[in-house]
Amino acid sequence: MDIKKIARYDHAYLKIAKEWGKLSHCNRKKVGAIIVKDRMIISDGYNGTPSGFDNTCENDIGETHWYVLHAEANAILKVASSTQSCDGATLYITMSPCKDCSKLIHQAGITRVVYLSGYKDMSGVDFLIRAGVKVDNINLDEYENV
């Protein structure tokens, strides 16, 4: 696939991830993730509480509860309970993965991560690069005319 076509798809999938993140009930950050394999969306996720828990992500002083799942973890867990596989897939996410999620991404077999903005701790991205995962930081504004 040529570079321009890849850029158009990257742009479209990131926009979907951004929209998906708006479904999050978290106040501090709304993060969305889409997993794509062979140009087909095989999973999606956003940050939030586990099934069966109240949708409140933060405590009274605005700190995120420890049990809140990150968007990429939710998307990977959905694939794990389906007939799909993440082997060779691309993860599109609105914020770069943390170090814990980076381990899940690598173990799931995802070979490329495309993100919009950087997380406060970029050691997750460093880990993915060391693990041989292709990581791209894309600014949607730069891709508007692609």
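User: Why is C26 called buried?

Analyst: In this predicted model, C26 has 2% relative accessibility. The cut-off for buried is under 20%, so C26 counts as buried.

User: And C57, what makes that one buried?

Analyst: Same test: C57 comes in at 0% relative accessibility, so it counts as buried.

User: How do you know that C26 and C57 form a disulfide?

Analyst: Their sulfurs are 2.3 Å apart, and the rule asks for a pair within 2.5 Å. So C26 and C57 are joined. The link is left-handed, with -70° about the S-S bond. C26 sits in the loop between α1 and β1, and C57 in the loop between β2 and α2, so the pair ties together parts 31 residues apart in sequence.

User: Why is there no disulfide between C98 and C101?

Analyst: The sulfur of C101 is 3.8 Å from that of C98, its closest cysteine sulfur, and that's too far for a bond. The limit is 2.5 Å. By this rule the count stays at one disulfide.

User: What makes C98 and C101 buried or exposed?

Analyst: C98 has a relative accessible area of 9%, so it's buried. C101, at 5% relative accessibility, counts as buried as well.

User: How do you know that the buried residues of α3 line one face?

Analyst: In α3 the buried residues are C101, S102, I105 and A108. Seen down the helix axis, they fall within an arc of 130°, so they line one face. What covers them includes α2, β3, β4 and α4.

User: What about E72 in α2, why is no salt bridge given for it?

Analyst: E72 is buried, but the nearest side chain of opposite charge, K29, is 11 Å away. A salt bridge needs the charged atoms within 4 Å, so E72 has none.

Notes
Residues numbered from 1 in each chain as written. Predicted model: local features only at pLDDT ≥ 70, side-chain atom pairs only at ≥ 80, totals over all residues. Heavy atoms only, no water. Buried < 20%, exposed > 50% of the residue type's maximum accessible area, 1.4 Å probe, protein only. Lys, Arg positive; Asp, Glu negative; His and termini not counted. Helix = DSSP H or I, 4+ residues; strand = E, 2+ residues; numbered from the N terminus. Arc of directions from axis to C-beta. Contact = heavy atoms within 4.5 Å.
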